[in-house]
Amino acid sequence: MSNADVLFPKLYAIDGRIYCDYNTSDHFQQHGDGREEQFYREEENDDWSRHGYDDDVIGEEYENEDFQVSSHPNGGFVVKLQIPSVLHPYMIGTKHSVKKQMESETGARIQYPARDSPNNGVTVTSQHRKSVVSCATRLGIMCSDVRWKSPFTHFVSIRLNLGHVMSSFDRFRDEILDNRKAAVDECLFQTANKLHITLCVLHLLDESEVEAGRRLLRAFPYEEIVGKGGKLEVDIRGLEVMNDDPSDVDVLYAKVECTDDRLQQLANGIAKHFVNANFAENKLEGRDVKLHATLINSKFRPTNSTVRFNDKGKRVMKDHHGRRPQRESFDASAILNSRRFNNYNFGRVTIDKVLISSKNQFADDGYYATVEQLNMSH
């Protein structure tokens, strides 16, 4: 539905139930002032009108699954939604433009909590039941769409910060730094105690979503893939880059070599598990999770920038001209062309745990703080 607004999905009546069909597209535009805003386009041939908006059928469908319509004490109807507060700025828009337009189109009133409030509750009210159902339905669809505009908070990881792997990595780093042909800045190297494999990144936007994510990981049926008490052995060996030009590289990583496809199946299964729960964005589109361990990353390069805050209170990095600093790539040709480095062996790893790791919190050993773990050796 590339040309239709996400708030106006196609509706299909199947066996007396109404189903929405919509695809996520780029409904956000980045403006010169750095602010993001949701834009809604009025379709000449409105899908909701064309399919004949049935208040009773659609209302029952969504009340059973997503929200409940209640009578308001002062008359009329009310729906109370729990939407993570980090998403509220995207759903309100610059100068409340998105909120005002949705209120105008649906005839309902939307009340968000104050910016600094810990409350996630969003209240929708109207004198007409049809209006609150329409507005709450659109808010639910929009929430699913804009959550990917917020930075990810956690990721599913496999630890590689084992003694022998870290020692191999330290030798690898020191040998490259001593090699004049390599010419890679020391600041670009990963920290040894943070070495890991990422299976998928997660958007767990409040405590209830973190708890739901923990339950999801614990419930994952890993035994169907690795077997009961299963362990996986992999070799961290060889180097690759994330693009085709080795002289213009942002990420150089170690390959993960497996004797069978169980780790790949495990990674794909876990990623799909969280995508289906709407906690991970579906970027794979049928492809396999890329199993790798990042060793050198241009993102680690410090910049001559300062920390500032935009109008939503979000921290942003900008240079002394007020511009976001550009990422500076590095030349990995000498490393990849070296017999010494291109098949570097970092060691064999036994994998028996999968973790949900926090992006911004760290444990005493320097690794990312563990929120939940799936112990496959039991």
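Select residues 312-317 to begin, a stretch of this predicted model over which pLDDT stays under 50, although the model still gives these residues 21 contacts beyond four places in sequence. Then move to residues 1-19, where pLDDT again stays under 50 and where the model has 64 contacts beyond four places in sequence. With both stretches on screen, keep in mind that the protein as a whole averages a pLDDT of 81, and that 76% of the residues score at least 70.

Next, select F172 and F346, one of the eight aromatic pairs that the structure holds. In general, a pair of aromatic rings is described by the distance of the centres and the angle of the planes. Here the ring centres of F172 and F346 are 5.2 Å apart and the planes meet at 70°, which is over 60 degrees, so the pair counts as edge-to-face. If you follow the chain outwards from each ring, you will find F172 in helix α6, residues 163-178, and F346 in strand β16, residues 345-351, so that the pair links distant parts of the chain, 174 residues apart. Are these two rings buried or exposed? F172 is buried, with a relative accessible area of 0%, and F346 is buried too, with a relative accessible area of 2%.

From there, select Y367 and Y368, which form another edge-to-face aromatic pair, with 5.4 Å from centre to centre and 80° between the planes. Both Y367 and Y368 are buried, and if you add F155 and F362 to the selection, you will have the four residues of one aromatic cluster.

The following stop shows charged side chains placed over rings. Select R147 together with W148, and you will see R147 lying over the face of W148, at 5.4 Å from the ring centre. Then select K359 with F152, where K359 lies over the face of F152, at 4.5 Å from the ring centre.

Finish at N120, in the loop that runs between strand β7, residues 109-111, and strand β8, residues 121-126. Why does N120 count as buried? The relative accessible area of N120 is 12%, and because buried means under 20%, this residue falls into that class. To see what surrounds N120, leave aside residues up to four places away in sequence and select the others that N120 touches, namely L81, Q82, I83, P84, S85, H88 and D206.

Key. Residues are numbered from 1 along each chain as its sequence is written. Side-chain values use heavy atoms; hydrogens and water are left out. Helices (H or I, at least four residues) and strands (E, at least two) are DSSP runs, numbered from the N terminus. Buried means under 20% relative accessible area, exposed over 50%, partly exposed in between (1.4 Å probe, protein chains only). Contact means heavy atoms within 4.5 Å. Rings of Phe, Tyr and Trp (its six-membered ring) pair if their centres lie within 6.5 Å; planes under 30 degrees apart count as stacked, over 60 as edge-to-face and the rest as tilted. A charge sits over a ring if NZ of Lys or CZ of Arg is within 6 Å of the ring centre and within 35 degrees of the ring normal. pLDDT is the predictor's confidence in each residue, from 0 to 100.
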